[in-house]
Amino acid sequence: FAIQNAARARVYGFEAGMEAQLAPRLVLTSTLSYANGEEELDSGLEAPLRHAPPLFGESHLIWSNHQLKFDFFAAYNGEFSFEDLAPSEQNKPFLYAQDGNGNPFSPSWYTLNFRGQYQFMRGVTGSFSLENITDQRYRPYSSGIAAPGRNMIASLRYSF
């Protein structure tokens, strides 16, 4: 006996990225990914593909000087309505938010973030990050774990 995938699936999507030099020290970068698909169930019917994540991406506005760098960025994720969830995911209400009808769904979300870095001297760099500045409650798709609220990180790195 062997466990085998007996159904068929179609997967499609795209990934795009861009980088634009807005000024001598200012750069805008952005990435966006989209995947979708359908799978054939054992009954012969088609349903949304289970492991295709919703639309997601990041956009960064980065200013840098010789020793100093600032990065203001947004991370974002699209919505999966109840109808867009795979049947196996529709039966996991503990993983998802509830829509107006009480059905599980994955809402869209975004976070606004800031990161700064300063090189004090050769080999010594300090950094500071403030993540999820607006304190959004969000859950990465199908993770079952709500992400942290506002988050602050400070570090000092020494390389030799």
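Q: What makes strand 4 and strand 5 (residues 68-77) count as paired strands?
A: Two strands pair if DSSP finds at least two bridges between them, a strand being a DSSP run of E with at least two residues, numbered from the N terminus. Nine bridges join strand 4 to strand 5 in an antiparallel arrangement, so the condition of at least two is met. Within this pair, tryptophan 63 stands opposite phenylalanine 70, and a hairpin of three residues leads from strand 4 to strand 5.

Q: What kind of model do these statements rest on?
A: The model is predicted, and local features need a pLDDT of at least 70, side-chain atom pairs count only at pLDDT 80 or more, while totals for chains, interfaces and linings use all residues. Residues are numbered from 1 along each chain as its sequence is written, and side-chain values use heavy atoms, with hydrogens and water left out.

Q: How do you know which other strands pair with strand 4 and strand 5?
A: Strand 2 (residues 26-40) is antiparallel to strand 4 (residues 56-64) over eight bridges, with serine 33 opposite phenylalanine 56. Strand 5 is joined to strand 8 (residues 109-121), also in the antiparallel sense, by ten bridges, and here alanine 74 stands opposite leucine 112. Strand 8 in turn runs antiparallel to strand 9 (residues 124-131) over seven bridges, where arginine 115 has serine 129 as its bridge partner. In the hairpin of strand 8 and strand 9, with two residues between the strands, glycine 123 takes a positive phi near 90 degrees.

Q: Why is serine 33 called buried or exposed?
A: Serine 33, which lies in strand 2, has a relative accessible area of 12% and is therefore buried, since buried means under 20%, exposed over 50% and partly exposed in between, with a 1.4 Å probe and protein chains only. Leaving aside residues up to four places away in sequence, serine 33 touches Phe14, Glu15, Pro54, Leu55 and Phe56, where contact means heavy atoms within 4.5 Å.

Q: What makes Phe80, Leu85, Leu95, Tyr96 and Tyr141 a nonpolar core?
A: A nonpolar core is a set of buried Ala, Val, Leu, Ile, Met, Phe, Trp, Tyr and Cys residues joined through side-chain atoms within 4.5 Å, and these five residues make up the largest such core. Phenylalanine 80 also touches residues beyond four places away in sequence, among them Ala52, Pro53, Phe105 and Ser106.

Q: How do you know whether tyrosine 12 is buried, exposed or partly exposed?
A: Tyrosine 12, placed in strand 1 (residues 9-23), has a relative accessible area of 41%, and is therefore partly exposed. Together with Phe14, Tyr34 and Leu55, tyrosine 12 forms a nonpolar patch on the surface, with about 360 Å² of accessible area in total.

Q: What makes the phi of asparagine 132 and of aspartate 135 worth a remark?
A: Most residues other than glycine have a negative phi. Asparagine 132, however, has a positive phi of about 55 degrees although it is not a glycine, and aspartate 135 likewise has a positive phi, near 55 degrees. Asparagine 132 is found in the loop between strand 9 and strand 10 (151-158), and aspartate 135 is also found in the loop between strand 9 and strand 10. In accessibility, asparagine 132 counts as buried at 2%, whereas aspartate 135 is partly exposed at 41%.

How values were computed
Helix = DSSP H or I, 4+ residues; strand = E, 2+ residues; numbered from the N terminus. Patch = residues over 30% accessible without salt bridge, like charges linked within 9 Å, V, L, I, M, F, W, Y side chains within 5 Å. Areas by Shrake-Rupley, 256 points an atom, 1.4 Å probe, with all protein chains shown as cover. Salt bridge = Lys/Arg side-chain N within 4 Å of Asp/Glu carboxyl O.
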